[in-house]
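This report describes the fold, the packing and the chain contact of the structure shown below. It begins with a single residue and then widens to the whole assembly.

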Amino acid sequence: MTVHSLAPVPAVIVPVIGAAIVYFVGRWRRPLAGPVAAVVAGLTFAACVWNAALILGVRGLVLVAAPQSFLGLRVDGLSALLLLLVGLLGLLATLFSLRSLPAMIRRGHGRPDRVPMYYGLLVLFIGTMVWACTTDNIIILWIAVEATTLSSAFLVAFAWDKRATEAGFKYLLLLTVGITFALFGCVLLYSVTAAHPGGQINPMSISEIAANAGLLASVSPSAVIAATILLLVGFGTKAGLVPLHAWLPDAHSEAPAPVSVLLSGIVIKVGAYAMIRCTLPFMAHVPGLSTALIGLSAVGMIWGIAACAVQDDLKRLLAYSSLSQIGYVLMGIGLATPLGVFGGLFHMLNHALAKGLLFFAAGSVEEGAGGRSLTRLSGLRAHMPITSMVFFVGALALGGMPGLNGFLSKLTIFMAAAQQGLWVAMIAAVVTGLLTLVVLVRTATNLFLGRPGQKQYAHAQEVPALMWGAMAVLALLCALIGVYPPVADALVGPAAEAIASYLPADGGSVTLVNLP
Amino acid sequence: MEHSVEFVSNLALAMMVTSLAAVELRSLRLAAYAYLAQALLMVSILLAVALATHSEWLLVWAVVALITKAGLISWLLLTYIRRAGVTREAAPYVDFAPSLLVASVLMIGFYKLTHAQALFLSPAAAPIVEPYRTNLAVAFTLFALGLYGIITRRDAIKAVIGLCLLENGVHLSLVSLAPAMPEMPIIGLVTEVFISVWMLLHVISGVQREFGSTDTAELRTLRG
């Protein structure tokens, strides 16, 4: 049911305009930049929750604002899920920054005069992600996804030292090359739709292209094949699909911790979101696309966890883990079955919460203990009890321990792969799950349990409330979803239903409470 | 129409030569000037096709391309090259003579392939008419050459020039594939391209200050 409403508009306008306000206020009075940014992030979160509440409350509701304009917005169940994640993690990251950024500058990783730019870009980054998830125009989707890269590049390179500039360069170059492939794909899709005889399909509208995917594929099969491959490469680069992932470990580990939360927690999901919107409708009509995506995601899972296991740097370990975990989401999309898509979207939610939690914890370790080398830090629990507890929650959640959220989404993916008879993919997913649990729990144990390590870290201390508060919120959510699955049904169900029409016809819907 | 097709084909050939120069020339300044020449030729192709098909949209596109590609982006490249003080790029992964050979083969091969197989990409599964067909072939060739440049060049600024070529290829293909697209998204698109090039060059200047050169082989702090 499509309803005209202006509800989506504040979610986009507030952060985009707010970013400029934050920047100029910061230039005027630097200490105000952070608090103003927090207020803007809070308002954005409120707008996102409002939209999500509207959508999740009425089954099958779609909100459109200004559909005739290229700036028109469209929020359905899938957009609502992403809006909640963007809003929540954006707010928590901004609050976390209020304490972590000054500490980072004190440690010498970043200049004080760049603080207004940091907060301005952070809020803008949030705004571009909201925009990407609410636009219905295929070229604007491209523009918004590229805008997320551009607004986060200087955030990644914020420390502006050797490592940060190298990471920032690779991030910008590889993602821009990738997104150019996606542009080719978007243009091809546009042209295929525009050339359709009868001309009734709006060639700019993603929802209309998706609704007519079968028709378009039958009219111009080769152009559609070319377009979907280009889009897979392009948005896959953004999502962290191997072999296009080379930028991910560097960018996610060198960025300041709150930015890493947004990178690993959200923006790779925005890449996956774009893939869902543009390629999922064509999965059934382009031979081999589904298999290719499942295969690449399985490789990514294994590769990610293998590289993860040998890392010394805590944040780089978490970055490789993100590479591995996004494989679950992409495998779910690749399977293109109701169970698979549900699992993929569910894992999007769970990974965002758990990985966000872990990156906040890594930032806390960096701030509280002063380092991130796994071989040199140990026994931090005595000094940082709260961080220790929430890190364990995050590690177990991501590893798939029953009782926390990750277990349920991973189980869904295993079952979805088995349902299609794809045993190799299922084994890859199961093995990755076990290895992830082992690696993350081992990391947590080494970091926090055991005897306190070297003397230079003897004065480690717990981080301020604003920082552990952000982590605690996410930990509670992980636990809540883990023990009370209907919460996930309420959030993910509408998202899966919104895109049920993209899948081949025989579906049926999925809810956790009565899995087949 | 044949007259304009021949004209576009000649422009296309000239454009491919300048693109090759932009990728292969070791002197960064000359490579940037080659890029400028290539951008101007691209504007000429857009104008030629616009006049041949009487398309107002293509005229707008040509003006936008002139301002952004030939104007702003070339200016950005030359300014940062001057600031970086790097005259010759670090030797790329492929030597000059073999690289020239490979790039030429790539170019000619791609051009012939896409010109002959344009049906594959045709949106309406109908043969693409001239001059769009030549235009599409040129666009693909530029795309391939740009990608080749990014992969084989060691110098960061050269990689950015390769990226600009890649993007020029895609934008040129817009002419053949999307002749009726509204202007505003296009303006947003080119603005973003400009911003991304500026940001890349800015980060490269940071890289240069930290590492002492724009040689990407030096970027080894993040391995494993």
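## Packing and chain contact

Leu46(B) is in contact with Leu58(B), Trp61(B), Ala62(B), Ala65(B) and Val175(B), when its neighbours within four places in sequence are left aside. The model is a predicted one.

Leu46(B) also has a place in a wider arrangement: it is among the residues with the most contacts inside the largest nonpolar core, which has 291 residues. The other residues named for the most contacts in that core are Leu81(A), Val86(A), Ala272(A), Leu349(A), Leu357(A) and Cys478(A). The element that gives the most to this core is helix α6 of chain A, residues 162-194, with 20 residues.

The two chains may be set side by side.

| Property | Chain A | Chain B |
|---|---|---|
| Secondary structure | 19 helices, three strands | eight helices, zero strands |
| Box or span of C-alpha atoms along the principal axes | roughly 75 × 55 × 40 Å | about 55 × 35 × 35 Å |
| Buried residues | 65% of 516 residues | 51% of 224 residues |
| Share of contacts at least 6 apart in sequence that join residues at least 24 apart | 80% | 74% |

Chain A, with its 19 helices and three strands, has a radius of gyration of 22 Å; this agrees with the value near 24 Å that a compact globule of 516 residues would have. Of the residues in chain A, 65% count as buried. Among its contacts between residues at least 6 apart in sequence, 80% join residues at least 24 apart.

Chain B has eight helices and zero strands, and its pattern along the sequence reads α-α-α-α-α-α-α-α. Its radius of gyration is 18 Å and the globule rule gives 17 Å for 224 residues, so chain B is as compact as a globular protein of that length. Buried residues account for 51% of chain B.

How many residues does each chain bring to the contact? Chain A contributes 38 residues, and chain B contributes 38 residues. On the side of chain B that touches chain A, the elements giving two or more residues are α5 (118-121), α7 (156-177) and α8 (183-211) of chain B. The most comes from α8(B), with 15 residues. By class, this side of chain B has 29 nonpolar, six polar and three charged residues.

Note on methods:
Residues numbered from 1 in each chain as written. Chains lettered and ligands numbered in written order. Predicted model: local features only at pLDDT ≥ 70, side-chain atom pairs only at ≥ 80, totals over all residues. Contact = placed C-beta atoms within 7 Å. Helix = DSSP H or I, 4+ residues; strand = E, 2+ residues; numbered from the N terminus. Nonpolar A, V, L, I, M, F, W, Y, C, P; charged D, E, K, R; others polar. Rg over C-alpha atoms; globule rule 2.2 N^0.38 Å. Buried ≥ 20, exposed ≤ 12 C-beta atoms within 10 Å, placed from the backbone. Core = buried A, V, L, I, M, F, W, Y, C linked by C-beta atoms within 7 Å.
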